[in-house]
Amino acid sequence: MGGRAERDACPGALRLHEAADGPLARIRVPGGRISGAQLGTLRELAAAWGDGHVELTSRANLQLRALTGVPETRLADRLAAAGLLPSDTHELVRNIAASPLISGRDAGLVRELDEALCADAGLAGLPGRFLFAIDDGAGDVAYAADVAALRLGTGGAGRFAMLFAGRDVGLRVGRATVVSALLTAARAFLVQVEGAVATGARRSWRVRELTDGPGLLGRDTARALDITLGEVDPELRRPGVQEPIGVVPQGDGRVAVAALVPLGRLDDRQLRVLAGADELVFTPWRGVVLPGVAPEAADEWLDALAGAGLEVGAGSRWVGVTACAGRPGCAKSLADVRHDADAATVAGDGLPVHWVGCARGCGSPAAAHVRVEATVGGYAVTVRSGSSAGRVSDGETTGNSTARSAGDGTAGGGTGQSGRGDATGTGRSAGGDATDGSIGTGDGGTTGGVVRGDRLARAVAAARRGSVDGSTAGTREG
Ligand code: SF4
């Protein structure tokens, strides 16, 4: 079996993960969309049975930590009553990313896909890491998914490019076929995986792990849909992401209000404020968007979010900064990375930064970034180049140390903003998901040494600008 774990150990709402700080529940939130009332329920559960926080994952799912003493059935009952656990059989596979600002007819695709997925008994066998994506054309989620529908152009019924592990294979479908195509691709994946396992090959969890996975699945899917593959578009490549923050016009007379969540942890005060919204959209970059806000109410929301400690301004030091859970939540961690990130993070621009507590690199962005990795002697600061088509990630978790299959990453904030009330983005590169629990790939970048103390902030800042300063990052500080 190639030495790889054959068991899918992704945590869920029914299968809690035993993290170092206690049981961890991951609640799937397709498209990152949740009502304020549902978030209020999670706040209550976190306060009653957990550590009082709700964590955002790199797939815009949500987690409760340190759930000590709670009967799992009671947790499941509360989640189900809130509409957060619509399927016992499919809860682990409801991994659907969507562009946070998706609107109009395309917005309905997330629910359509979720319902069709849960209605297909065979697809309950998908790995918990398998990721669907519905991308409104921004390119912000498509390239990190196993199978994705990426809108081409605007208006009308629209055409979508089907991407496999971030690669275009020339398969185009209309809006009416998007859900069918995504599910057909997922079934084709399962067939290929089981076929390979039957021959003695190790089990693949992601499309990219299959030999010629994108090409294989593209052909299988096209054949099943009776569609002829067309030309591959070389222009379909992962773009830089303009993550929403501040006030964003929606085009329908209303606006969206967006903020980032420092290090991906929402405390009780923040949860209470957000629970007052009708609807919320969490982003894969640990941001939160309130869609459908009346323009005259936008400033009031900005004040409320900022007052609760969420970031709505471009000058935030948390722009582009993420971290895994680290200590105390993860037993593998060599440091309290959130604490250290807090101490060393200063406002700056350049590459995104991801802090990790060990070489597993959970939550590493798919694109170029600075990795700040805890070691026994301090932190290693390295610049890692991304992959063009997507090193995707499985990522989510904040902090669990579960094995490879849980392997998500954790959270961080990471957006950028220019001033209150603007509709701007960050320039973060897309994709940031977590890893499979393996050491972050997409590397090949500059490598610094091990640093700690006061030099760490300077080393990180230098690396973000694209150069590792040898006088800081390259030396071990005693
Ligand atoms: S990278 Fe993953 S395994 Fe390592 S400390 Fe962070 S959460 Fe734990």
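Visitor: In which loop does Asp-212 lie?

Guide: In this predicted model, the residue in question has a phi near 50°, a positive value in a residue other than glycine. Asp-212 is found in the loop between helix 4 (178–198) and helix 5 (213–225).

Visitor: Is Asp-212 buried or exposed?

Guide: A residue counts as exposed if 12 or fewer other C-beta atoms lie within 10 Å of its own. Asp-212 has 10 C-beta neighbours inside 10 Å, so Asp-212 is exposed.

Visitor: Which residues is Asp-233 in contact with, leaving aside its neighbours within four places in sequence?

Guide: Asp-233 lies in the loop between helix 5 and strand 11 (240–241), and with 12 C-beta neighbours inside 10 Å it counts as exposed. Its C-alpha is 7.1 Å from that of Gly-170, although the two are 63 residues apart in sequence. With neighbours within four places set aside, the contacts of Asp-233 are Ala-161 and Asp-168.

Visitor: Where does Ala-66 lie, and is it buried, partly exposed or exposed?

Guide: Most residues other than glycine have a negative phi. Ala-66 is not a glycine, yet its phi is positive, at about 55°. Its place is the loop between strand 5 and helix 2 (72–81). With 19 other C-beta atoms within 10 Å, Ala-66 is partly exposed.

Visitor: Which two residues does the cis peptide bond at Pro-328 join?

Guide: Most peptide bonds are trans. Pro-328 is placed in the loop between strand 17 (321–323) and helix 8 (337–344). Omega is about 0° for the cis bond, and the residues joined are Arg-327 and Pro-328.

Visitor: Which strands are the edge strands of the open sheet with the order 1-2-5-4-14?

Guide: Strands of a sheet pair through backbone hydrogen bonds, either parallel or antiparallel. Here 5 strands form the open sheet, and the pairing is antiparallel. Two of the strands pair on one side only, namely strand 1 (17–19) and strand 14 (265–266).

Visitor: What is the bridge partner of His-17 in strand 2?

Guide: Strand 1 and strand 2 (residues 22–27) run antiparallel and are joined by 3 bridges. In strand 2, His-17 has as its bridge partner Leu-24.

Visitor: At what angle does helix 1 run to strand 5?

Guide: Helix 1 (residues 36–49) lies across strand 4 (54–56) and strand 5 (62–64). Its angle to strand 5 is about 25°.

Visitor: Which residues of strand 7 point the other way from Phe-132 and Ile-134?

Guide: In a regular strand the side chains alternate between the two faces of the sheet. Strand 7 (residues 132–135) has Phe-132 and Ile-134 pointing one way, and all of the residues named for this strand are buried. Those that point the other way are Ala-133 and Asp-135.

Visitor: Which residue of strand 8 stands opposite Ala-133?

Guide: Strand 7 pairs with strand 8 (residues 147–152) in the parallel sense over 4 bridges. The residue of strand 8 opposite Ala-133 is Ala-148.

Visitor: Is the β-α-β unit of strand 6, helix 3 and strand 7 left-handed or right-handed?

Guide: Strand 6 (residues 96–98) and strand 7 run parallel, joined by 3 bridges. Ile-96 has Phe-132 as its bridge partner in strand 7. Together with helix 3 (residues 108–118), these two strands make a β-α-β unit that is left-handed.

Visitor: How many charged residues has the shell around the ligand?

Guide: The ligand is surrounded by 15 residues, the closest being Cys-324, Cys-330, Gly-357, Cys-358 and Cys-362. By class, the shell has 6 nonpolar and 7 polar residues, and the number of charged residues is 2.

Note on methods
Residues numbered from 1 in each chain as written. Predicted model: local features only at pLDDT ≥ 70, side-chain atom pairs only at ≥ 80, totals over all residues. Near = placed C-beta within 6 Å. Nonpolar A, V, L, I, M, F, W, Y, C, P; charged D, E, K, R; others polar. Pairing = 2+ DSSP bridges. Contact = placed C-beta atoms within 7 Å. Axes fitted to C-alpha atoms, helices over the stretch in contact; angles between N-to-C directions. Buried ≥ 20, exposed ≤ 12 C-beta atoms within 10 Å, placed from the backbone. Right-handed = clockwise from strand over helix to strand, strands pointing away.
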